[in-house]
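Colleague: Got a minute to walk me through this one? I'd like to go through a few strands and one side chain.

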Amino acid sequence: MPALSTMNPSRDDFAALLDESFTRNEMHEGSVVKGIVVAIEKDLAVIDVGLKVEGRVALKEFGTKARDGLLNVGDEVEVYLERVENALGEAVLSREKARREESWVRLEEFFNKGEKVTGQIFNQVKGGFTVDLDGAVAFLPRSQVDIRPVRDVGPLMNTPQPFQILKMDKRRGNIVVSRRVVLEETRAEQRSELVQSLEEGQIIEGVVKNITDYGAFVDLGGIDGLLHVTDMAWRRVNHPSEILTIGQTVRVQIIRVNHETHRISLGMKQLMADPWDGIEAKYPVDARFKGRVTNITDYGAFVELEPGIEGLIHVSEMSWTKKNVHPGKIVSTSQEVEVMILEVDPVKRRISLGLKQTLHNPWEVFIEKYPPGTVVEGEVKNKTEFGLFLGLDGDVDGMVHLSDLDWNRPGEQVIEEFRKGEMVKAQVLDVDVEKERISLGIKQLAGDPFADAGEIKKGQIVTCEITDVKEGGIEVKLIGTDLSTFIRRSDLARDRGDQRPERFAAGEKVDARVIQFDRRARKVQVSIKALEIAEEKEAVAQFGSSDSGASLGDILGAALKARQEGEK
């Protein structure tokens with residue numbers, strides 16, 4: 001540029017000076033420039049940045065340096081040049097924006113490298129806090145303050161501490177930082193170091209940090225281990241809160257360590273003597289012990305014999321007579337019961353117990369009190385297709401089979417005469433203690449008609465009393481016995497025309513011939529027709545022959561007359 005005349009500038013000189021001024025303004029506005037403090041007026045510092053005009057900056061923007069009186073005339077400072085000249089003819093400067101601009105450049109380097117920055121939490125805003133990063137203001141979301149929710153953030157305020165930059169947007173002037181990320185990284189390093197120092201079988205102390213339904217988390221000094229409810233004690237623990245409280249110091253053993261996932265399993269019962277050692281000698285089979293019911297399920301009840309030793313009473317071993325009843329209706333939780341040892345399995349750590357075995361077998365008691373042949377009385381409990389069930393003394397049931405309901409009538413017919421709740425007498429026929437069965441009979445109370453029938457033989461003539469007339473024949477009872485039978489229509493007479501049941505009436509007496517008598521099969525059958533045929537043969541043999549020329553009527557008449565005379 002040609003030298004300008006300072007005394008008498010020409011038009012070209014003014015043009016050059018104007019261009020230089022514009023060029024200088026474009027270079028400096030919106031950037032950080034260096035200036036000299038030329039004066040301090042009350043709470044303002046007058047700064048010369050080499051322009052035609054000077055600018056003023058509030059002393060508070062210089063922070064502690066101004067407050068402590070360390071800012072003096074002649075000091076060189078860096079400020080942000082917003083405008084070369086405002087309406088008052090002054091340069092618009094800002095120390096705070098200069099610091100912020102410097103910080104942005106530095107913070108971007110840290111952000112790109114993923115390095116941590118130091119800052120101070122100085123204010124609380126909606127949704128989080130503001131952090132001073134050496135001039136730049138960043139936002140700290142409430143969720144990023146700590147690993148766990150912090151109720152009182154007071155101790156963290158105005159304290160230099162590390163942060164991790166999560167997001168930067170210079171156009172909007174937004175910076176988001178996290179303190180939680182830094183804590184998690186530190187904690188992860190500590191956890192890794194601590195996990196590497198732990199070994200299975202090691203015994204250490206910890207503090208109960210949290211309690212859940214399935215166990216408790218124990219702080220081992222920077223890392224948590226899980227103490228499962230089944231590893232707290234040898235006995236049954238329904239909930240960890242029964243033996244642990246939050247903040248309690250406990251002595252535990254390392255059971256398992258996963259160095260990859262940093263999961264640690266702990267145990268307390270492993271530090272105690274195993275009560276299952278020598279269990280078979282302590283609880284021999286068939287021995288009786290007293291215990292306390294600790295838990296009831298659909299399939300049985302658990303009984304604690306001693307701390308750490310429980311046995312199961314299966315529902316099938318709870319009662320002799322109550323077969324389909326829930327265990328909760330037989331025993332109750334915390335109830336003390338006497339049980340018998342049925343089986344001990346030290347490998348599976350199981351003990352099978354019996355409750356009914358400590359009580360008298362009701363079938364043994366029944367047979368002693370009611371031997372076969374004894375008459376008992378019971379309530380009709382149920383009717384089935386094969387018999388009648390009676391409730392008997394001792395809360396046991398007996399069954400009357402269909403075949404034992406009546407000597408003569410079919411059981412399917414007789415059973416309909418009984419009603420539930422009705423009291424019925426029966427005779428004890430048999431008691432099977434092993435199968436828990438009692439056989440009863442009702443017909444036996446009336447005696448066996450075949451046994452009392454005397455010497456009845458096939459072909460014998462008997463007198464019968466008609467008890468009922470039906471379309472297919474007549475029912476009769478053999479006089480002098482308790483035997484009853486049915487004479488079919490075809491056996492009512494020799495002649496077809498006389499085979500009409502309506503010829504007879506209940507209460508009448510008729511003679512008939514025995515055509516079948518089987519005591520073993522319990523069958524008796526008589527026939528009027530067979531008697532007529534037999535009498536006819538006898539008459540023909542005595543009073544006529546086939547060539548005598550006499551009619552059948554004459555022969556029968558003569559036989560009848562001879563019979564009447566013989567009876568006289």
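Colleague: How many bridges join strand 19 to strand 20?

Modeller: Quick caveat: this is a predicted model, where local features need pLDDT of at least 70, side-chain atom pairs count only at pLDDT 80 or more, and totals for chains, interfaces and linings use all residues. Residues are numbered from 1 along each chain as its sequence is written, and side-chain values use heavy atoms, with hydrogens and water left out. Strands here are DSSP E runs of at least two residues, numbered from the N terminus, and two of them pair if DSSP finds at least two bridges between them. Strand 19 (residues 336–345) runs antiparallel to strand 20, and the number of bridges is five.

Colleague: And which residue in strand 20 is the bridge partner of V344?

Modeller: Strands 19 and 20 form a hairpin with four residues between them, and R349 in that turn has a positive phi of about 55°. Across the pair, V344 has as its bridge partner I351.

Colleague: What stands opposite I313 in strand 20?

Modeller: Strand 18 (residues 309–314) runs parallel to strand 20 (residues 350–354), joined by two bridges. Opposite I313 you'll find L353.

Colleague: Is R179 buried or exposed?

Modeller: R179 sits in the loop between strand 10 (174–178) and helix 4 (180–197). A polar atom of its side chain lies 2.8 Å from the backbone oxygen of V145. Its relative accessible area is 12%, and since buried means under 20% (exposed is over 50%, partly exposed in between; 1.4 Å probe, protein chains only), R179 is buried.

Conventions: A polar contact is a pair of N or O atoms within 3.5 Å; within protein, one must be able to donate a hydrogen and the other to accept it, and residues adjacent in sequence count only if both atoms are side-chain atoms.
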